[in-house]
Amino acid sequence: MRTVTISRQIGSVLVVSAYFIVLHVSVFYGTMLHAIACLLSIPFFIRTKAYDVVAMLSFMVIVSASKFIQLTQ
């Protein structure tokens, strides 16, 4: 398999894991994991020219980053 496909698969698993972590463990670590998961998935969707998904994931990274910044203050 190509590296971007493996990255997308890992990103998909991490999105679900991040949701669980946000709800049951820590919002701080969950948002950090969510942003990483989205960033891992973006190259696959750029390669497949699914730019609507790239835009959505980019927006989700920005939301996660803003929450992460809010939690660190």
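Reader: Which residues does H34 touch, not counting residues up to four places away in sequence?

Author: In this predicted model, H34 touches V15, A18, M60 and S64 once those sequence neighbours are set aside. To count as touching, heavy atoms have to come within 4.5 Å.

Reader: And why is H34 called buried?

Author: The relative accessible area of H34 is 16%, and the cut-off for buried is under 20%. So H34 passes as buried. H34 sits in helix 2, which covers residues 27–47.

Reader: Which other residues of helix 2 are buried?

Author: Alongside H34, the list has G30, T31, L33, A35, A37, C38, S41, I42, F44 and F45. The cover over the buried residues of helix 2 includes helix 1 (3–24) and helix 3 (51–72).

Reader: Why is M32 called partly exposed?

Author: M32, also in helix 2, has a relative accessible area of 31%. Buried needs under 20% and exposed needs over 50%, so at 31% M32 lands in between and is called partly exposed.

Reader: What makes Y29, M32 and I36 a nonpolar patch?

Author: Members of a patch need over 30% relative accessible area and no salt bridge, and nonpolar side chains are joined within 5 Å. M32, at 31%, is over that 30% mark. Together, Y29, M32 and I36 have about 290 Å² of accessible area on the surface.

Reader: How do you know that the length of helix 2 is close to what is expected?

Author: Helix 2 has 21 residues and reaches 31 Å from first C-alpha to last, while 30 Å is expected at 1.5 Å a residue. There is a kink, though: about 25 degrees at S41, shortly before the proline P43.

Reader: Over in helix 3, what makes V54 buried and I69 partly exposed?

Author: V54 has 12% relative accessibility, which is why it counts as buried with the limit at under 20%. I69 has 47%, and exposed calls for over 50%, so I69 stays partly exposed. Both places are in helix 3: V54 and I69.

Reader: What is V54 in contact with, leaving aside its neighbours within four places in sequence?

Author: V54 is in contact with I42, F45 and I46. Of these, I42 and F45 are on the list of buried residues of helix 2.

Reader: How far apart are I69 and H34, in sequence and in space?

Author: I69 and H34 are 35 residues apart in sequence, and 14 Å apart from C-alpha to C-alpha. For V54 and L71, 17 residues apart along the chain, the C-alpha separation is 26 Å.

Reader: Now the loops: why is K49 called exposed?

Author: K49 has a relative accessible area of 61%. The bar for exposed is over 50%, so K49 makes it. You'll find K49 in the loop between helix 2 and helix 3. Check its phi too: near 60 degrees, a positive value in a residue other than glycine.

Reader: Is S26, in the loop between helix 1 and helix 2, buried or exposed, and why?

Author: Buried: S26 has a relative accessible area of 17%, and buried means under 20%. So a loop residue can meet that cut-off here, as S26 does. Its C-alpha is 14 Å from that of V16, 10 residues away along the chain.

Methods: Residues numbered from 1 in each chain as written. Predicted model: local features only at pLDDT ≥ 70, side-chain atom pairs only at ≥ 80, totals over all residues. Heavy atoms only, no water. Helix = DSSP H or I, 4+ residues; strand = E, 2+ residues; numbered from the N terminus. Buried < 20%, exposed > 50% of the residue type's maximum accessible area, 1.4 Å probe, protein only. Patch = residues over 30% accessible without salt bridge, like charges linked within 9 Å, V, L, I, M, F, W, Y side chains within 5 Å. Areas by Shrake-Rupley, 256 points an atom, 1.4 Å probe, with all protein chains shown as cover. Salt bridge = Lys/Arg side-chain N within 4 Å of Asp/Glu carboxyl O. Expected span 1.5 Å × (residues − 1). Bend = angle between axes of the 7 residues up to and from the residue.
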